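Reader: I would like to learn how the words used for a structure are tied to numbers. Could we go through some of them together?

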Amino acid sequence: MKKIVVLISGQGTNLQAIMDACARGVLNARVAAVISNKADAFGLQRARQAGIPTQVFVRSDYAGNAAMDLAIGDYIDAIGADLIVLAGYMKILSAQFTRRFQGQIINIHPSLLPKYPGLNTYRQALEAGEREHGTSVHFVNEEVDGGAVILQAKVPIFAGEGIADIEQRVKEQELRIYPLVIKWFIEGRLQLKQGEAYLDGQKLPPQGYAAE
């Protein structure tokens, strides 16, 4: 059974979806640990209630970002994790960390990458007058939200809607597609080769596979 380590900073709703998928047998894997950079992240409570080990790494305890990521990486290596899943982890990973685990880290980002990397994606989409928004699952590299896109799900933006309306619709898609991508990886169907995402041996297009 494959081992997954999940990194969080907040509520842990995607973490819960992953834990549920493991519990149902949808994923032939287990969440071996949950890591957070926030001691009060509610997702840690979710993990503890499920009997999953948790670990908190706080930036102020380390000389710098690289030193913190080195400690996190050593912890992950000691577990023997097969996949690192970023689920609302609000800290930029160091280049050393992303190179160390190249091809083993995935992230979910609330936009249709390459549009709107970084923060405040919903506000940016509304201000730009977009008719649709969405979410992207991608491999992680040294560039923020710049790794190869694996899967995207689109949602419409209706006239008069606010951020909360779009966010709720996007979150529903996130909870659906993130466990699916993890399943592909766990089953050996998904790989990163020369910076490109491959599914079943076929290179995915730049914006990944489109969820239906």
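Reader: What makes the approach of the T98 side chain to the backbone oxygen of A95 a polar contact?

Author: The side chain of T98 reaches that oxygen of A95 at 3.0 Å, and a polar contact is a pair of N or O atoms within 3.5 Å, where within protein one must be able to donate a hydrogen and the other to accept it, and residues adjacent in sequence count only if both atoms are side-chain atoms. The model is predicted, so local features need pLDDT of at least 70 and side-chain atom pairs 80 or more, while totals for chains, interfaces and linings use all residues. Residues are numbered from 1 along each chain as its sequence is written, and side-chain values use heavy atoms, leaving out hydrogens and water.

Reader: Why is T98 called buried?

Author: Its relative accessible area is 3%, and buried means under 20%, with exposed over 50% and partly exposed in between (1.4 Å probe, protein chains only), so T98 is buried.

Reader: Which residues does T98 touch, not counting those up to four places away in sequence?

Author: They are L93, I105, V140, N141 and E142, where contact means heavy atoms within 4.5 Å.

Reader: How do you know that β2 and β3 pair?

Author: Two strands pair if DSSP finds at least two bridges between them, and strand β2 (residues 29-36) and β3 have three, in the parallel sense, so they pair. V34 stands opposite T54 in β3.

Conventions. Helix = DSSP H or I, 4+ residues; strand = E, 2+ residues; numbered from the N terminus.
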